[in-house]
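Please read the following with the sequence and the coordinates open side by side. The paragraphs move from charged pairs to a surface patch, then to enclosed space and the backbone.

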Amino acid sequence: MSGRRSPWGGSDKGGEGPSDESGKDGEDNDGDGASDGDADRSGDKRGPRNPWLPSGSTPPRRSASIEDIFRTRDPRRPGGGSGGPGGGGGGFPRLPQRPDGKSWLPLGIGAAVAALLALSSVHMIGPKEQAVVTLFGKYARTIDSGVNFTLPWPVEQVDVEDVRTFTVDSIPEGETEKLMLTSDKNLVDLSYLVRWNIKNLVNYKFRLTDPKETVREVAEAAMRASIAQISLNDALSGAGRAQVEQDVRERMQRILDYYKAGVAVQGVEIKKADPPSKVVTAFQQVTVAQQEAERDRSEARAWAQQLLARAQGDAEAFDKVYQQYKLAPEVTKRRMYYETMERVLRDNDTVVAEAKGVTPYLPLSEVKRRAADTAPDATAKGGQ
């Protein structure tokens with residue numbers, strides 16, 4: 001291989017290794033490739049020491065380091081953009097500067113903080129509302145409706161509640177079955193409404209962990225205690241329902257006042273009182289039988305009233321006749337006889353009379369028929 005050039009920058013002469021001069025050339029090629037360019041311009045036919053290095057005056061390419069990737073780039077500097085050396089794209093935009101060269105960012109942050117503090121210091125409370133003010137989480141005072149001022153958040157915090165609007169709780173919620181035990185050891189399915197509002201906001205906010213749930217539990221306990229004092233028939237028929245509702249309201253108020261819950265119970269209303277769903281068919285049959293029995297009793301009472309009224313009328317008529325009998329006994333006897341015979345013989349078609357000069361048989365039916373036939377003819381003639 002004598003006389004042939006080594007592709008690595010040295011000549012292969014007699015198996016000798018690269019000369020010192022080649023080594024120097026190699027160092028120059030590893031640096032910036034300038035010696036190769038000079039060698040080419042001076043007529044040196046030796047190639048580059050590294051065949052993967054570009055020839056000529058172009059500097060070698062260098063991979064980006066981690067510092068270059070995360071370095072904050074200034075678009076005003078050459079090569080500061082993400083497009084490489086001399087590129088102008090990419091990077092984060094810079095905020096406009098004040099005339100003195102300083103940034104507007106501190107002033108913007110200060111204005112935002114000042115606006116937040118101002119908004120958290122002014123509070124508009126509605127006409128039906130009250131608010132509790134806490135200083136670092138501890139109760140400080142209560143404020144009423146209108147415009148109120150407090151220390152900014154987080155020094156003072158304001159919790160607003162509606163204290164005049166009634167809250168209506170339906171127990172149970174939805175179509176859930178709520179069974180309660182009556183005094184005669186029967187079960188009844190009840191659903192009812194509870195109306196309440198806040199009467200002491202401080203106690204309402206700080207005495208109980210969950211005041212709304214407490215009101216529901218107290219209502220259920222009071223209702224069970226009241227239903228346990230009446231029978232199943234009274235619960236289903238609604239007899240004494242108003243008294244039960246009043247008892248439940250008073251019982252609830254006593255318990256909530258003992259708890260210092262700050263709640264005023266305005267009323268309790270029973271919506272439904274039905275038998276359990278598993279035995280509702282049997283209860284319906286019993287109800288129908290009870291209604292029929294009540295109807296029969298009503299008819300019997302009406303008939304008894306009619307008989308009593310008739311007997312009382314007959315007694316009054318007899319008293320009047322007796323008064324007349326005491327004044328004229330013979331006349332009264334004869335009159336009573338005639339009236340009795342008239343009442344007996346009014347609907348009788350055959351009459352047998354034993355008297356001189358009187359036909360023993362009177363065809364009264366024939367007489368009535370002739371009288372009935374004669375009456376229309378007389379009416380027609382009268383009309384003409």
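In this predicted model, a useful place to begin is Arg301, which forms a salt bridge with Glu294, the closest N and O atoms being 3.4 Å apart. Both partners fall in the middle class of accessibility: Arg301 is partly exposed at 46% relative accessibility, and Glu294 is likewise partly exposed, with a relative accessible area of 37%. Side chains of opposite charge can pair when their charged atoms come close, and the structure holds 13 salt bridges.

Another of these pairs joins the side chains of Arg141 and Glu156, with an N to O distance of 3.2 Å. Because Arg141 lies in strand β5 (residues 138–143) and Glu156 in strand β7 (residues 156–162), this pair ties together parts that are 15 residues apart in sequence. The two ends of the bridge fall into separate accessibility classes, since Arg141 has a relative accessible area of 30% and is partly exposed, whereas Glu156, with a relative accessible area of 7%, is under the 20% limit and therefore counts as buried. Salt bridges also link Asp159, Glu161 and Lys205 into a network.

A pair within a single helix is given by Glu339 and Arg335, whose side chains meet in a salt bridge at 3.1 Å, N to O. Both residues lie in helix α10, four residues apart, which is about one turn of the helix. Here Glu339 is partly exposed at 38% relative accessibility, while Arg335, with a relative accessible area of 55%, is over the 50% limit and so counts as exposed.

Helix α10, which spans residues 329–345, also contains Met341, and this residue leads from charge to nonpolar surface. Together with Tyr337, Tyr338, Val344 and Leu345, Met341 forms a nonpolar patch on the surface, and the accessible area of these residues together is about 490 Å². Met341 itself counts as partly exposed, at 32% relative accessibility.

From the surface we turn to enclosed space. Rolling a probe the size of a water molecule over the atoms shows where empty space is left. The count of cavities of 30 Å³ or more comes to two, and the second largest has a volume of about 50 Å³. Among the residues that line the second largest cavity are Leu190, Ile227, Ile230, Asp234, Arg241 and Ile270. The elements that give two or more residues to this lining are α7 (232–237), α8 (241–259) and β11 (263–274). By residue class, the lining of the second largest cavity divides into eight nonpolar, one polar and two charged residues.

The backbone adds several local features that deserve a careful look. Lys260, found in the loop between α8 and β11, has a positive phi, near 55°, in a residue other than glycine, and at 44% relative accessibility Lys260 counts as partly exposed. Phe136, which is not a glycine either, has a positive phi of about 55° and sits in the loop between β4 (129–135) and β5. With a relative accessible area of 66%, Phe136 is exposed. Finally, a cis peptide bond, with omega about -5°, joins Ile171 and Pro172, and Pro172 is found in the loop between β8 (167–171) and β9 (179–181).

Note on methods:
Residues are numbered from 1 along each chain as its sequence is written. This is a predicted model: local features need pLDDT of at least 70, side-chain atom pairs count only at pLDDT 80 or more; totals for chains, interfaces and linings use all residues. Side-chain values use heavy atoms; hydrogens and water are left out. On a 1 Å grid over the protein atoms alone, a cavity is a set of points where a 1.4 Å probe fits but cannot get out, and a pocket is an open set with protein on both sides within 12 Å along at least five of seven lines; lining residues have an atom within 4 Å of a point. Grid points are joined across faces, edges and corners, and a volume is the space filled by probe spheres set on the points. Ala, Val, Leu, Ile, Met, Phe, Trp, Tyr, Cys and Pro count as nonpolar, Asp, Glu, Lys and Arg as charged, and the others, Gly among them, as polar. Patches are made of residues with over 30% relative accessible area and no salt bridge: like charges are joined within 9 Å, nonpolar side chains (Val, Leu, Ile, Met, Phe, Trp, Tyr) within 5 Å. Accessible areas come from the Shrake-Rupley method with a 1.4 Å probe; for residues, only the protein chains shown count as cover. A salt bridge is a side-chain nitrogen of Lys or Arg within 4 Å of a carboxyl oxygen of Asp or Glu. Buried means under 20% relative accessible area, exposed over 50%, partly exposed in between (1.4 Å probe, protein chains only).
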